Amino acid sequence: MSPRGWAVLTLAGLVLALAVAAAVLIPWQRPPAPRADQLAALRDLPAEQVARGREFRAALRPGGWAALAIGLLVALGLGLTPLGSRLVELAGRPLGGHWAAQAVLGGLAVVLVADLVTLPFAAWRHAVLTRYGLATNGWGGWAVDLLKSYAVSAVIGAVALLGFYSVIRLAPRWWWALGAAGAAGLVVLLSFVLPVLVEPVFNRFTPMEPGPLRTQLTDLAARDGVPVRDVLVADASRRTRAVNAYVSGLGPTRRIVVYDTLLREATPAEVTAVVAHELGHAKDRDVAVGTLTGALGAAAAVVALYLLGSSGPLLRLAGVDSVAQPRAFPMLVALVTVAGLLSAPAQALMSRRVEARADAHALALTGDPAAFEAMQRRLAGINLADPDPPRLEYLYSASHPSTVERIAAARAYARKTGR
Ligand SMILES: [Zn+2]
């Protein structure tokens, strides 16, 4: 069989593995609470809070959709016309057009252009956040964050680009197989190292101060059977008033992080509800599951890019001879951008189901639906959430159940258990 035949077979296998992983590991049997219960929860929220959340989200919306549209247009403009391949050539020229220079500098130039065209929308977003009092970092802090994230992306991007195009040169016929394995490996590696190498670039993390709350939280983790070395506090208040918590990392780098803003704003019972939700993620190994599906997806993407990228019409549009050239990189970016936009609703749906399971875990672990509901109100109030966002937007991009869904789920739990 030809390498192409093997690639088709490999892609079929990867897609099947991804489908099986999604079917088995995502808690599909957890549909949202009935709509009537959600509407009842919505009526119980302060009208002023709901209105302010909706006003804020409406202010963000035009810039958000415009950034998406312009980002897509630029990716297509660079990838499906000869413009992108010329940019790659141009970027590699100072180093004599060497393939490695084209691969790294050209690749980064393409990504940078795509970032720069959406920069005005990012600035708009920051202006809205500032106007509504959510952002606390000012334009200086915003610019520093931006430069840091460019620097981090440039380092990771340079390593990935150099690795990818080295593999292509070493194995011109089988690079897609090595590239797929490399992409999967990179996803796993990043999941391990991001919490210890990248997150500290943006925030300082300190162990939670000893006290009754810390004891309560570590007891909760022990009762849950989740080995948690520490609860870390992030200095999120340096850039936002928003409250949040998350779990990241794998194995030795796994950690539960709460924002300092959460500790400042929420009651101990509410913080406990938040941490119980994060313990749910840890217990169900949601980071590991996300890493596994991400690795399978990345491997499938490389093989699919090899197959799609070898198509004559696409190559002609991009003005290149082969998908294996660094000059074809903008075409790959265009394909990845389209795939990302198309798969966003499925990713959001899976994320919402996983988040709903973590909510159920929090309710069962704390047995305190009242605190859970209070926590949801507080989260929505401070973060200026729309408690019941527009349907299309929710389906396209909501990573979490809506506030009214989460409150309705807490009330259903309270009814069921008589609490
Ligand atoms: Zn969560």
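# Briefing: cores, sheet and zinc site

The largest nonpolar core has 36 residues, and those with the most contacts inside it are Y165, W175, V303 and M331. The model is a predicted one. Besides this core, the structure holds an open sheet of 4 strands and a zinc ion coordinated by H277, H281 and E355. The points below take these topics in turn.

**Nonpolar cores**

- Two or more residues of the largest core come from each of helix 1 (3-25), helix 3 (47-79), helix 5 (99-131), helix 6 (138-170), helix 7, helix 11 (286-309), helix 12 (312-318) and helix 13 (329-366).
- Helix 11 gives the largest share of this core, 10 residues.
- Another core, of 31 residues, lies apart from it and includes L217, M375, I382 and Y413.
- Y165 is among the residues with the most contacts inside the largest core. Leaving aside neighbours within four places in sequence, Y165 is in contact with W99, A103, A324, Q325, P326, F329 and L332.

**Aromatic pairs**

- The whole structure contains 8 aromatic pairs.
- One of them joins F164 and W175 edge-to-face, with 5.6 Å from centre to centre and 90° between the planes.
- This pair links distant parts of the chain, as F164 is in helix 6 and W175 in helix 7, 11 residues apart.
- W175 counts as buried because its relative accessibility is 3%, and the cut-off for buried is under 20%.
- A single aromatic cluster is formed by F164, Y165, W174, W175, W176 and Y306. Two of its members, Y165 and W175, are also among the residues with the most contacts inside the largest core.

**The sheet**

- The 4 strands of the open sheet are in the order 1-2-4-3, and the pairing is mixed.
- Strand 1 (205-207) and strand 3 (245-248) are at the edges with a single partner strand each, so one side of each has no neighbour in the sheet.
- On average, neighbouring strands of this sheet are turned by 35° against each other, direction ignored.
- Strand 1 and strand 2 are antiparallel, with 3 bridges; in this pairing T206 is opposite V233 of strand 2.
- Strand 2 and strand 4 are parallel, with 4 bridges; here V233 has V258 in strand 4 as its bridge partner.
- Strand 3 and strand 4 (residues 255-259) are antiparallel, with 4 bridges; A245 is opposite V258 of strand 4.
- V233 of strand 2 thus stands across from T206 and is bridged to V258, while V258 also stands across from A245.

**Packing around the sheet**

- Helix 7 (residues 175-202) packs on the sheet and touches strand 1, strand 3 and strand 4. The direction of helix 7 makes about 140° with that of strand 3.
- Helix 10 (residues 268-283) lies across strand 3 and strand 4 and runs at about 20° to strand 3.
- In a regular strand the side chains alternate between the two faces of the sheet.
- Strand 2 (residues 231-234) is covered on both faces: V231 and V233 on one side, and L232 and A234 on the other, are all buried.

**The zinc site**

- The donors to the zinc ion are H277 (NE2), H281 (NE2) and E355 (OE), at 2.0 to 2.1 Å.
- The spacing of the donor residues in sequence is H-x3-H-x73-E.
- H277 lies in helix 10 and E355 in helix 13, so the pair ties together parts that are 78 residues apart in sequence.
- H277 and E355 are both buried.
- Helix 10, which carries H277, is also the helix that lies across strand 3 and strand 4. Helix 13, which carries E355, gives two or more residues to the largest core.

**Two further residues**

- S85 is in helix 4 (residues 83-92). S85 counts as buried because its relative accessible area is 2%.
- Not counting residues up to four places away in sequence, S85 touches L78, A318, G319, V320, R327 and P330.
- R125 is in helix 5, one of the helices that give two or more residues to the largest core. R125 itself is partly exposed, because its relative accessible area is 45%.
- R125 and G63 are 62 residues apart along the chain, and their C-alpha atoms are separated by 6.9 Å.

Note on methods: Residues numbered from 1 in each chain as written. Predicted model: local features only at pLDDT ≥ 70, side-chain atom pairs only at ≥ 80, totals over all residues. Heavy atoms only, no water. Pairing = 2+ DSSP bridges. Axes fitted to C-alpha atoms, helices over the stretch in contact; angles between N-to-C directions. Contact = heavy atoms within 4.5 Å. Core = buried A, V, L, I, M, F, W, Y, C linked by side-chain atoms within 4.5 Å. Buried < 20%, exposed > 50% of the residue type's maximum accessible area, 1.4 Å probe, protein only. Donors = N, O, S within 2.8 Å, 3.2 Å for Na, K, Ca; no water. Phe/Tyr/Trp six-rings, centres within 6.5 Å; stacked < 30°, edge-to-face > 60°.
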